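Here's a friendly walk through a protein model. Take a look at it, and then we'll go through it together.

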Amino acid sequence: MCRFSRSTWVLIFAVCVALWLEFVKKGKLCHSKADLTGKTVIVTGANAGIGYETALALSKQNARVFLACRNLKKAKEAVDRIKTSTENAVVDYLIVDFAEMDDIKGAVKEFTKKEDRLDILINNAVIFSGGKTKDGLDMMFGVNHIGHFMFTNLLMPLMRKTSKKSPVRIINVSSEGYKFGTIDFDNINPDLPHDSSVTSLLVQYGNTKLMNVYFTSELDARLKDEFNGQEQAITTYSLHPGGIKSNFGLDLTNERGRVLEAVRNIITFLFLKPTIYGAQTSLCCAMKEGIEIHSGRYFANLEPVELSENARNREIGKKLWTESEKLTGLNWGI
């Protein structure tokens, strides 16, 4: 049996830790130096986690950033932190609950009443939970897909207006979980109680992340038709933020007991990157020059990547759009 000295074991341990920090806990950074002075941005779910880091970084680039959040107290605190950190005085909040259609309509009405442009929309908010929205939809279907579908469509007139002056980008934060998703149009709005198994919730989460991808590609197809061969002034991208330490699933694990909470904490410590890295691909899609040719595509680790077979059926994208319009009462071009 090979025996190492104590100093050798210490060296091996140090090398392992260094490799772990470099290849597991560290990610790529977006180094765009874009000056966003005069640009207006909305980031949903921006009071904490990836959304907060995204809003913070865009504020540092001089953008006028709105943090679209559900909780007023948390939104105000996040805005204050960003203002203090960046000395950017044009950071504000927009209160909106993506689990209630009337609230989404009210938030858009409030925003468009006082703002005359929207250059970048980042649909980042996400929920991992069973139960129903106030409109009777499955919570994840209602928030992760329908809420952002409605929010984006209601903001389209303002983004069309902005695109006549300068390019507009729409970014939808998805997840690699889309690869395990399916869209069952016979059960698009399932009944998942709040106490559903974690497995059932993970399956539905993957389904809604697949919807994010199809929403993006179908939106791009409609925009290409709208611009009819001319330069596409509104582009759209979906993305995977990476395996990131965030508040995702925190409430659920806290509710389900100490074992699940401990497992989550171990996985987070060993395998998930710090939150700042989760914002980098969103920032790339928001600011990187020359990516307009990739409109409609899916990004991961700051680069466009090919989609899995389950996300490349245009007919599914069309049908999802039609069903989403029926549920929201919206029509393309409003």
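Is Cys-285 buried or exposed? With a relative accessibility of 0%, Cys-285 counts as buried. Keep in mind that what you're looking at is a predicted model.

Since we've started with a cysteine, let's stay with them for a moment. A disulfide is a covalent bond between the sulfur atoms of two cysteines. This structure has zero of them. Take Cys-30, which is buried because its relative accessibility is 17%, under the 20% cut-off. Its closest cysteine sulfur belongs to Cys-284 and sits 5.4 Å away, so that's too far for a bond. Cys-285 isn't in a disulfide either: the nearest cysteine sulfur, again in Cys-284, is 5.1 Å off.

Now for the sheet. Eight strands make up an open sheet with mixed pairing, and going across you meet them in the order E3-E2-E1-E4-E5-E6-E7-E8. At the edges are E3 (91-95) and E8 (303-305); each has a single partner strand, so one side of each has no neighbour in the sheet. On average, neighbouring strands are turned by 25° against each other, ignoring direction.

Let's zoom in on one pair. Strands E6 (residues 234-240) and E7 (residues 298-300) run parallel and are joined by three bridges. Ser-238, for instance, has Tyr-298 in E7 as its bridge partner.

Helices pack on this sheet too. Helix H6 (residues 198-227) touches E5 (168-173), E6 and E7, and its direction makes about 165° with that of E6. Helix H3 (residues 72-86) touches E2 (64-69) and E3, and its direction makes about 165° with that of E3.

Methods:
Residues are numbered from 1 along each chain as its sequence is written. This is a predicted model: local features need pLDDT of at least 70, side-chain atom pairs count only at pLDDT 80 or more; totals for chains, interfaces and linings use all residues. Side-chain values use heavy atoms; hydrogens and water are left out. Two strands pair if DSSP finds at least two bridges between them. Helices (H or I, at least four residues) and strands (E, at least two) are DSSP runs, numbered from the N terminus. Axes are lines fitted to C-alpha atoms, for helices over the stretch in contact, and angles run from 0 to 180 degrees between N-to-C directions. Contact means heavy atoms within 4.5 Å. A disulfide is a pair of cysteine sulfur atoms within 2.5 Å. Buried means under 20% relative accessible area, exposed over 50%, partly exposed in between (1.4 Å probe, protein chains only).
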